[in-house]
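Here's a quick tour of a two-chain model, going from the shared sheet out to the ends. Keep the viewer open as you read.

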Amino acid sequence: MKPEILPPLGATVHVKPAGWRRGIRLWLPLFLVWLLVLPLLILLLPFLLVGALVMGINLWRSLKAINGVLAATRGTHVEVDNRDTKFFIRLH
Amino acid sequence: MNENRRQILDMLANGKITADEAERLLAALERSPSQTGEAVKYLRVLVDANDALDGPTKVNVRVPMQLLRAGVRLTGIIPATARDQVNDALRKEGIPFDINNITPQNLEEMIEHLRDLSVDVDNEHAKVRVFCE
């Protein structure tokens, strides 16, 4: 699988509230979330299929497009620094 | 095969566009900077505010341009009836925009124009800069 079609596999989060000597630095393994979501998606597949047929939506294209949106979030970087807190998140 | 190229060929196969339109779209794709490796990759938003109440605040956001492409691709899965409802709702809000007009060519043209986008707001409380890189 090409890396650009994979959803973000991890996220780096730094939070440092005001007054704290050290902030919290986390690396979140998002791939575990996808591993949990995948079986759920398989269980929901019949319902999604019926829903898609009723609404006239191409289920495969929809899932591909949703995955595309998730994959496109890789590289997102948000950094906020103010008097009360410092916050940073990056999706890998 | 390139995703955009495949999408154009799919649209041609489904009869959504004519052969001439497909040719123009493919030509536009070949001209697009993504082929030369100079594509716009990120939208950046930098805010440097100094509010009397909240104190100084700095915001630095980098959003991949691919997200815009993927988001627009999502409009392709909206059923025709829902598209009409969206168009009606937009019209009611005073936005005369037809979401059926969002095509790969229009999107790439828009992204190409974003390359030159630079918004600078500078007042006594905040400096805001929006640009693409």
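Let's settle one term before anything else: two strands count as paired if DSSP finds at least two bridges between them. Helices (H or I, at least four residues) and strands (E, at least two) are DSSP runs, numbered from the N terminus. With that in hand, β1(A) and strand β4 (residues 85–91) of chain A pair in the antiparallel sense over seven bridges.

A word on where this comes from: this is a predicted model, in which local features need pLDDT of at least 70 and side-chain atom pairs count only at pLDDT 80 or more, while totals for chains, interfaces and linings use all residues. Residues are numbered from 1 along each chain as its sequence is written, and chains are lettered from A and ligands numbered from 1 in the order in which they are written.

**Chain A**

Chain A carries two helices and four strands, and along the sequence they come in the pattern β-β-α-α-β-β. Its radius of gyration is 18 Å, well over the 12 Å that the globule rule gives for 92 residues, so chain A is more spread out than a compact globule. (That radius is taken over C-alpha atoms, and the rule is 2.2 Å times the number of residues to the power 0.38.) Along the principal axes, the C-alpha trace of chain A spans about 55 × 25 × 20 Å.

How much of chain A is buried? Just 4% of its 92 residues, where buried means 20 or more other C-beta atoms within 10 Å of a residue's own, exposed means 12 or fewer, and partly exposed is in between, with C-beta atoms placed from the backbone. Contacts are C-beta pairs within 7 Å, again placed from the backbone. Of the contacts in chain A with a separation of 6 or more, 52% are between residues 24 or more positions apart.

Strand β1 (residues 11–17) of chain A also runs antiparallel to β2(A), joined by five bridges. Six residues sit between the strands in the hairpin of β1(A) and β2(A), where Gly19(A) takes a positive phi near 95 degrees. None of this tucks β2(A) away: of its five residues, the number buried is zero, so β2(A) lies largely in the open.

**One sheet, two chains**

Zoom out and you'll find an open sheet of eight strands in the order β2(A)-β1(A)-β4(A)-β3(A)-β2(B)-β1(B)-β4(B)-β3(B), with antiparallel pairing. Its edges are β2 (24–28) of chain A and β3 (118–122) of chain B, each of which pairs on one side only. On average, neighbouring strands are turned by 5 degrees against each other, direction ignored. Axes here are lines fitted to C-alpha atoms, for helices over the stretch in contact, and angles run from 0 to 180 degrees between N-to-C directions.

Where do the chains meet in the sheet? Strand β3 (residues 77–82) of chain A and β2(B) run antiparallel, joined by six bridges. Some residues that face each other across the sheet are these:

| Residue | Partner and its strand |
|---|---|
| Ala11(A) | Leu28(A), β2(A) |
| Thr12(A) | Trp27(A), β2(A) |
| Pro17(A) | Thr85(A), β4(A) |
| His77(A) | Arg62(B), β2(B) |
| Val80(A) | Val59(B), β2(B) |

**The interface and α3(B)**

The contact between the chains takes 21 residues from chain B and 21 residues from chain A. On the chain B side, β2 and α3 each supply at least two residues, and β2(B) gives the largest share, ten residues. That side of chain B divides into ten nonpolar, six polar and five charged residues. For that split, Ala, Val, Leu, Ile, Met, Phe, Trp, Tyr, Cys and Pro count as nonpolar, Asp, Glu, Lys and Arg as charged, and the others, Gly among them, as polar.

Which residues of helix α3 (residues 65–74) of chain B are buried? They are Met65(B), Gln66(B), Leu67(B) and Arg73(B). Those buried residues pack against α2 (59–72) of chain A together with β1 (42–51), β2 (55–64) and α5 (104–114) of chain B.

**Out at the end**

Finally, Glu133(B) is found in the segment after β4 (126–132) of chain B. Glu133(B) counts as exposed, with 10 C-beta neighbours inside 10 Å. Leaving aside neighbours within four places in sequence, Glu133(B) is in contact with Lys41(B), Tyr42(B) and Arg44(B).

Notes: Contact = placed C-beta atoms within 7 Å.
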